[in-house]
Amino acid sequence: MIRVIIGEGSCGIAAGAAKVHEAIVAAMGQSEPFALGSTGCIGMCFLEPIVDVYEDKTLLRRLVRVSPADAEAIVDAARTGDMSKVDSITISDDDAEFLSKQTRIALRHCGLIDPTSLEDYRANDGYEGLAKVLSTMTPEQVIEEIKVSGLAGRGGAGFPTWFKWNAARQSTGEPKYLICNADEGDPGAFMDRAVIESDPHNLIEGMLIGAYAIGASEMIVYVRAEYPLAIVNLTRAIEQARAANLLGENILGSGFSCDMRIKAGAGAFVCGEETALIESLEGKRGMPRLKPPFPAQKGYMDAPSNINNVETFANVGWIMNNGGAAFSAMGTETSKGTKVFALTGKICKGGLVEIPMGKTLRDVIFGIGGGVRDGKSFKAVQMGGPSGGCIPESLLDTIIDYKALGATGAIMGSGGMVVMDETTCMVGMAKFFLDFTAQESCGKCVHCRIGTKRLQEILTRIVNGEGKEGDVELLEELCVGIKDGALCGLGQTAPNPVLTTIRYFRDEYDAHIRNKKCPAGECVALRTYSIDPDKCKGCTVCAKKCPANAITGEKKQPHQINADLCIRCDQCRKNCKFDAITVE
Amino acid sequence: MEQIKLTINGREVTGNKGQSILEIAIANGISIPNLCYNKNLKVYGACGLCVVEVEKVPKLLRACATVATDGMVVTTNTPRVMQARKIALELLMSDHEGDCKGPCHLNCPARTDIQGYVKQIALGNDTEAVKIIKDKISLPASIGRVCPHPCEEECRRQFVEQPLSIAYLKAFAADNDMASADPFKPVVAAANGKKVGIVGGGPAGLNAAYQLAVKGYAVTVMDMMPEMGGMLRYGIPEYRLPKAVLAAEIKQIEALGVTMCNNVKVGKDVTLEALRESYDAVLVAVGAWKSTGVGCEGDKLDGVLGGIDVLREVNLGARPNLGKNVAVVGGGNVAMDACRTAVRLGAENVYVIYRRTRAEAPAEDLEIEEAIEEGVDFKWLTNPAEIIGENGKVTKVKLQVMELGEPDASGRRSPVPVEGKFEILDVDTVISAIGQRCALEGFEALELTKKGTIVADEAVCTTNLPGVFAAGDATNRGPSIAVRAIGEANDAAAAIDAYLSGKALIKVEPYYSKRNKDDIDFSAYEKKARAEMSCKDPAYRKGNFDAVINGFTEEQARQEAARCLECGCHDYEECRLIDFANNQPINPSRLDGGKHSCFKEQKLVTIERDQGKCILCNMCVRTCREEAQKGILGLVHRGFQTVIKPEFMDPATIADCVNCHKCADVCPTGALKILK
């Protein structure tokens with residue numbers, strides 16, 4: 001039986017998948033010999049919307065960049081089985097390598113199964129890990145298996161998961177809570193959303209195994225309210241699991257009881273910090289607590305609690321099913337298993353990439369991502385979002401490993417990889433992230449509240465051409481002070497984008513400060529517009545478009561730009577048909 | 001309770017298991033700066049000042065939040081700790097929108113607590129006001145009458161309408177105190193057996209005598225003139241400062257046990273060396289008593305006099321005949337005193353010759369105004385080119401007409417001669433009032449500047465001779481206003497006290513938080529005009545040396561004092577933030593930037609909150625919740641915009657406030673003020 005499956009994760013919908021779905025429905029007759037269904041996000045953002053055509057479990061065709069206009073052809077192909085009708089929208093071999101070069105564990109079901117169907121999950125080994133754990137393993141054995149796997153927290157800190165579980169297990173006090181941090185806040189990171197939207201039962205299974213290991217009786221998923229589809233899909237999955245006795249009392253007859261609920265967060269970045277998340281869960285203002293006591297001792301409602309990130313839990317069911325050793329067989333000495341990266345920015349093929357630890361950044365960015373788009377050259381990649389740092393071209397062969405990445409000044413983080421090309425100003429990039437962290441500081445500690453604001457102000461004056469000699473040294477001093485004095489991870493890591501851009505792109509800072517030039521040409525305040533008299537035909541379009549009346553000239557004579565009046569809006573350059581506007 | 005041992009700064013201390021590093025440090029008398037810790041409240045950890053280094057721990061730890069363990073090795077003052085603390089303080093101060101001290105205070109050379117005494121005057125407590133003034137200025141009735149009041153130049157009330165009349169308020173309070181049944185007498189410390197000799201009984205010498213006498217020193221003031229007071233007595237004319245007022249204030253100083261010896265001149269009656277032997281310390285405050293000559297042809301003619309010489313003669317009781325036409329050269333206050341004295345001595349035409357314009361004249365504008373009222377003819381933009389005489393006696397002065405040229409290095413436009421343009425005045429007397437010099441015969445052992453003044457340390461007034469200090473007009477920059485001499489005398493007295501107590505001689509200018517006036521909304525204040533001092537009629541004034549001003553009425557003074565905007569922080573003395581900011585060198589101005597919203601002051605029943613001074617230690621919020629069990633306050637907004645407000649600004653929540661004032665009590669800064 002032929003099945004037509006539309007990728008309808010948030011990103012697919014944003015790219016037009018819902019409209020494609022409507023069009024296909026409209027093109028279908030009363031009864032068709034094929035079935036129509038949907039799946040979540042397969043992680044190939046650059047090819048959305050994506051429609052897969054299966055015969056039973058075999059993928060016949062993967063159709064990409066599908067538009068509603070393709071609906072007739074798709075229906076026709078599915079009806080007749082003649083796949084040549086959709087040749088023109090079939091994925092190229094080159095693009096198909098985006099997936100084939102990956103090793104998917106956390107994302108193993110994403111874009112392949114129907115996230116609304118418990119049966120579909122179960123048909124793909126779902127809940128087998130849980131069944132094995134509940135029927136054959138003690139909590140201590142589960143923790144031992146996780147220890148063998150070498151799984152470390154995928155949210156950013158990379159702390160050994162077994163250690164946290166063990167601490168919570170050892171901690172006395174009832175009840176215990178298992179919390180999932182799904183407050184994915186790093187700009188450019190979206191793997192957690194993909195897992196919850198596309199494979200919600202995987203999260204539930206991983207959490208149940210964790211809850212069993214630490215002895216928790218309640219599980220809470222703290223998910224940001226900006227992920228409505230994730231909340232809908234997870235809510236449905238929880239209900240399905242409850243109905244199937246996978247949640248609630250006496251799960252699968254094992255005597256283990258545990259239930260689950262969702263807490264929608266209001267979208268404060270700092271609530272991704274585990275103690276701030278707990279405060280928020282308790283209904284308080286999201287501000288970090290002091291550690292110790294750690295959540296394992298005194299967490300949610302002062303009870304022993306364990307918090308892990310979505311991606312961490314997404315690996316757990318697989319590990320139980322395949323054994324810790326299989327997981328630790330992948331990776332490096334200090335970093336085991338796979339890691340999901342969200343590849344974005346000036347990249348040819350953006351999307352979710354899951355690869356074993358130990359591959360190089362070049363493998364990901366060039367090998368899978370196809371390198372920099374539009375023929376531009378690679379400049380740097382920002383790893384780990386606002387808490388991370390940038391890595392320059394010269395370090396592209398750095399392996400993906402907590403230690404190796406840390407040595408560059410960046411971090412593994414939650415897996416955001418924002419690729420920048422030659423047109424990206426690194427000072428502007430640092431400012432972008434400081435704008436973010438200053439905005440997202442909770443306001444509690446002095447170093448972060450005022451320090452990030454001051455960093456942002458200094459960076460702003462540099463990109464505006466008002467930087468002073470000594471500003472870079474001041475930034476560095478302030479950064480070190482903030483790292484030393486800030487209360488939580490947000491503040492302690494907020495200076496990283498500044499420190500790494502200074503470390504690798506000091507010349508760009510100097511150019512802004514000393515020469516009042518932006519080498520990347522991105523800083524608007526430092527641009528100078530002029531008209532090439534040899535190219536200008538005197539068509540007067542630029543003068544008419546200029547909102548500041550900065551352009552003058554006689555018809556059919558070369559025009560001029562008055563630099564004092566120019567507001568650098570770029571309208572003249574965009575509208576010039578003769579490429580006569582030069583920007584320096 | 002189980003005891004643990006740890007090492008803090010190399011010292012072994014004990015504490016109870018479970019206590020934080022900070023608790024143990026406090027119990028052992030080791031101070032670790034902190035702004036958000038309070039023993040009654042849950043640990044919060046926001047300020048980041050209490051960071052310490054613990055051996056084998058790579059990160060800095062917050063002492064308030066780190067439970068001490070046995071054998072822990074803690075250091076509270078490593079370079080890394082000091083740097084983190086410095087950044088914290090600089091960040092806090094860069095966002096602290098408040099004035100520790102009013103700008104009046106900061107611009108007063110004597111650093112008088114102006115806001116403090118003005119408040120007492122407003123409340124009707126003149127003697128209390130005098131107590132505050134005399135801590136810095138021991139001659140308030142005199143100084144109040146003659147001071148050119150730099151304080152008023154900076155008074156913020158001028159941005160509402162006009163500055164406060166601070167100097168006259170000081171005179172008012174001092175007069176009232178003096179006339180009262182029980183004038184203020186300072187508490188004099190028990191005699192410490194040490195002797196200080198002061199040469200010069202002017203404002204510097206007298207003020208140093210007062211300050212040292214109060215500290216228990218046996219002070220002797222020696223002066224070459226028949227009476228004490230220096231330039232206040234012999235320079236300032238009677239009509240500005242009645243000598244009876246000055247004499248009464250000097251008598252109060254004498255009553256503290258100060259020995260006053262007049263008609264004693266060093267170099268003639270006694271040597272400096274002998275004084276050094278007789279006294280444990282010597283202060284040289286001899287002033288600058290020599291007039292500078294006009295410096296043009298004819299300036300040695302009969303009838304060319306020195307300004308301060310004329311003033312001294314008149315103050316000694318003489319009434320010299322200066323003739324019908326008198327020209328005074330100079331544009332400063334001595335020139336004003338000289339020209340107005342000439343008017344009073346019967347001159348018909350009195351001219352003031354000044355090479356710049358009125359705008360540049362250093363004299364107080366009020367003095368110029370009053371001189372014009374009294375008929376003085378100001379010859380702005382003229383300069384004496386030659387003094388012409390007959391038979392050795394002055395008859396005329398030839399004036400070079402000037403114009404203002406390009407601004408010089410100081411920004412003032414310098415006068416340049418208009419070529420060939422002259423004016424001639426018939427004169428009987430020319431009085432030179434363009435400056436004074438020191439006459440330091442007898443002080444040859446002291447190192448002098450090129451200007452002929454004594455080289456004295458700017459901060460602690462030491463000279464090249466051990467035990468010899470110098471202050472006032474005779475030092476460094478030379479002559480200045482009386483209150484500057486008084487300020488230097490305060491420094492000298494403090495330095496002499498330190499010197500004789502074997503303490504280090506250092507004066508550190510404290511770090512103060514200051515607001516930019518442009519950040520203040522003055523429109524909210526109700527306009528109230530500055531009190532106008534009533535003066536005698538100019539026609540009456542010309543014929544005598546009676547005091548020109550009549551003094552404030554009681555009603556005027558109280559209302560005037562109430563105009564004070566109270567710029568300085570009410571909590572300065574108690575402020576922990578400024579305490580720590582002065583503990584180590586900081587430079588917050590390098591981090592200047594935006595300030596969190598600070599203009600709105602909210603009132604919560606009987607508490608006024610100044611967001612600009614709030615450092616978000618959250619102490620009030622926590623106290624309200626944990627101690628008062630109310631939970632009225634909370635944090636609003638995020639990041640830099642975070643402020644403390646009643647939760648959700650809910651009137652019902654606010655109504656729960658029972659005015660326990662616990663929040664204000666714990667506030668480490670002046671952000672919370674209890675309203676009466």
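Which are the buried residues of α8(B)? Keep that in mind as you go through these close-ups of a predicted model.

**View 1. Helix α8 of chain B and its buried residues.** Here is the list you were asked for: B:Ile166, B:Ala167, B:Tyr168, B:Leu169, B:Lys170, B:Ala171, B:Phe172, B:Ala173, B:Ala174, B:Asp175, B:Asn176 and B:Asp177. That makes twelve of the 14 residues of α8(B), so the helix is largely enclosed by the rest of the structure. What does the covering include? Among the elements over these buried residues are α3 (103-107), α4 (114-122), α5 (126-134), α6 (140-146), α7 (150-154) and α18 (554-561) of chain B.

**View 2. A quick length check on α8 of chain B.** This helix takes in residues 166-179, which is 14 residues. Allow 1.5 Å a residue and it should span 20 Å; the C-alpha atoms at its ends are 20 Å apart, so the two agree.

**View 3. B:Gly452 in its loop.** Look between β19 (436-437) and β20 (468-470) of chain B, and you'll find B:Gly452 in the loop there. Is B:Gly452 buried or partly exposed? A residue needs 20 or more other C-beta atoms within 10 Å to count as buried, and 12 or fewer to count as exposed. B:Gly452 has 14 within 10 Å, so it is partly exposed. Leaving out residues up to four places away in sequence, B:Gly452 touches B:Arg437 and B:Cys438. As for B:Cys104, it sits 348 residues from B:Gly452 in sequence and 32 Å from it in space, going C-alpha to C-alpha.

**View 4. An open, parallel sheet in chain A.** Now hop over to chain A, where four strands line up in the order β7-β6-β5-β8. Why do β7 (259-265) and β8 (305-309) each have a side without a neighbour in the sheet? Both stand at the edges with a single partner strand, so one side of each is left free of a neighbour. Going from one strand to the next, the twist averages 20°.

**View 5. Inside the sheet: β5 meets β6 in chain A.** Strands β5 (residues 177-182) and β6 (residues 218-224) of chain A run parallel and are joined by six bridges. To pick out a pair, start at A:Leu178: its bridge partner in β6(A) is A:Met219.

**View 6. A helix across the strands of chain A.** Helix α13 (residues 310-322) of chain A lies across β5 and β8, and it runs at about 90° to β8(A).

Terms used
Residues are numbered from 1 along each chain as its sequence is written. Chains are lettered from A and ligands numbered from 1 in the order in which they are written. This is a predicted model: local features need pLDDT of at least 70, side-chain atom pairs count only at pLDDT 80 or more; totals for chains, interfaces and linings use all residues. Two strands pair if DSSP finds at least two bridges between them. Helices (H or I, at least four residues) and strands (E, at least two) are DSSP runs, numbered from the N terminus. Axes are lines fitted to C-alpha atoms, for helices over the stretch in contact, and angles run from 0 to 180 degrees between N-to-C directions. Two residues are in contact if their C-beta atoms, placed from the backbone, lie within 7 Å. The expected span of a helix is 1.5 Å times one less than its number of residues.
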